[in-house]
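Let's take a friendly walk through the side-chain contacts of this protein, from ring pairs to charged partners. Have the model open as you read.

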Amino acid sequence: MKTRHCALWKKLLIAALILAVLCAAMAGGLSLWIWGQARGYLLSQEEAAALSDVDAILVLGCGVRPDGTPSLMLQDRLEMGLTLYEAGAAPKLLMSGDHSRAEYDEVNAMKDYVVERGVPSEDVFLDHAGFSTYESMYRARDVFQAKKILIVSQRYHLYRAIYDARALGLDAYGVAAEDIAYTGQLFREAREILARDKDFFYCIFKPLPTFLGEAIPVSGDGNATAG
């Protein structure tokens, strides 16, 4: 009886291990698929500046410090956004991030950063409900009426952002911000694999974002999104 019981547990353990390997293979395969689909749309600064008819440079939020200033990773994204804007790559900057609570505000911190460096306030649009990469792309299309965009983030994140945008019908390209060994980067890289898998299915079923609202075309005045 004891031998039979041990044999059953051994079979269950083997089955669990096989299932775990299959799940890991699927997760890695989907992540690799997204990487392969998006990598051809990653551009250098010079290539991005040479594009025509780009509606906006979409800078993705990623965290602010307790004092409300951009984190180092976010600063690097903003600096690349500024570089592209000053090179004439697009006439508008679209800052998309989390402003779900009064005490946590990524997008106004992003706007303050670029306005202090000379960007006119009317050229900066704020997406207060960019709660995820997928939602930022969906809202760029439906709320801000963008058709062709340049996305700025770190390279590891851009593959998913580009994939999401193109799956939603945007003519999207990515430009990588400064990419250094940020604190916690190994965890971010691992989490990104699961995030790509999640967005793969999001892009099939296309769920609505948390919020939509009235259209605010990015061709207009960015001050309409202040607050």
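## A buried ring pair

Phe125 makes a good starting point: its relative accessible area is 0%, so this residue is buried. Keep in mind that the model you are viewing is predicted. Phe144 also counts as buried, at 1% relative accessibility.

Searching the whole structure turns up 7 aromatic pairs. In one of them, the ring centres of Phe125 and Phe144 are 6.4 Å apart and the planes meet at 85°, so the arrangement is edge-to-face. This pair links distant parts of the chain, 19 residues apart. Phe125 belongs to strand E4 (residues 124-127), while Phe144 is in the loop between helix H5 (133-142) and strand E5 (148-153).

## Tyrosines in helix H5

How are the rings of Tyr134 and Tyr138 arranged? They form an edge-to-face aromatic pair, with 5.9 Å from centre to centre and 65° between the planes. Here the partners are 4 residues apart in helix H5, so about one helical turn separates Tyr134 from Tyr138. Both of these tyrosines are buried.

Tyr202 comes into the picture too: together with Tyr134 and Tyr138, Tyr202 makes up one aromatic cluster.

## Charges over rings

Tyr138 has a charged companion as well. Arg141 lies over the face of the Tyr138 ring, 4.7 Å from the ring centre.

You can find another such contact at Tyr113. There, the charged end of Arg117 sits over the ring, at 3.6 Å from its centre.

## A salt bridge between two loops

Now to the charged pairs: there are 10 salt bridges in the structure. In one of these, Asp123 partners with Lys92, and their closest N and O atoms are 3.2 Å apart. Asp123 is in the loop between helix H4 (106-115) and E4, and Lys92 is in the loop between helix H3 (72-86) and strand E3 (93-96), so the bridge ties together parts that are 31 residues apart in sequence.

Are these two charged residues buried or exposed? With a relative accessible area of 13%, Asp123 is buried. Lys92 is buried as well, at 11%. The cut-off behind both calls is a relative accessible area under 20%.

## A network around Asp199

Which residue meets Asp199 in a salt bridge with an N to O distance of 3.2 Å? That partner is Arg160. The two link distant parts of the chain: Asp199 is in helix H7 (residues 185-205) and Arg160 is in helix H6 (residues 155-167), 39 residues apart. Asp199 is buried, with 0% relative accessible area, and Arg160 counts as buried at 9% relative accessibility.

Asp199 has a further salt-bridge partner in Lys198, where the closest N and O atoms are 3.3 Å apart. Lys198 counts as partly exposed, its relative accessibility being 36%. Through shared partners, salt bridges join Arg160, Glu192, Arg196, Lys198 and Asp199 into one network.

Conventions. Residues are numbered from 1 along each chain as its sequence is written. This is a predicted model: local features need pLDDT of at least 70, side-chain atom pairs count only at pLDDT 80 or more; totals for chains, interfaces and linings use all residues. Side-chain values use heavy atoms; hydrogens and water are left out. Rings of Phe, Tyr and Trp (its six-membered ring) pair if their centres lie within 6.5 Å; planes under 30 degrees apart count as stacked, over 60 as edge-to-face and the rest as tilted. Buried means under 20% relative accessible area, exposed over 50%, partly exposed in between (1.4 Å probe, protein chains only). A charge sits over a ring if NZ of Lys or CZ of Arg is within 6 Å of the ring centre and within 35 degrees of the ring normal. A salt bridge is a side-chain nitrogen of Lys or Arg within 4 Å of a carboxyl oxygen of Asp or Glu.
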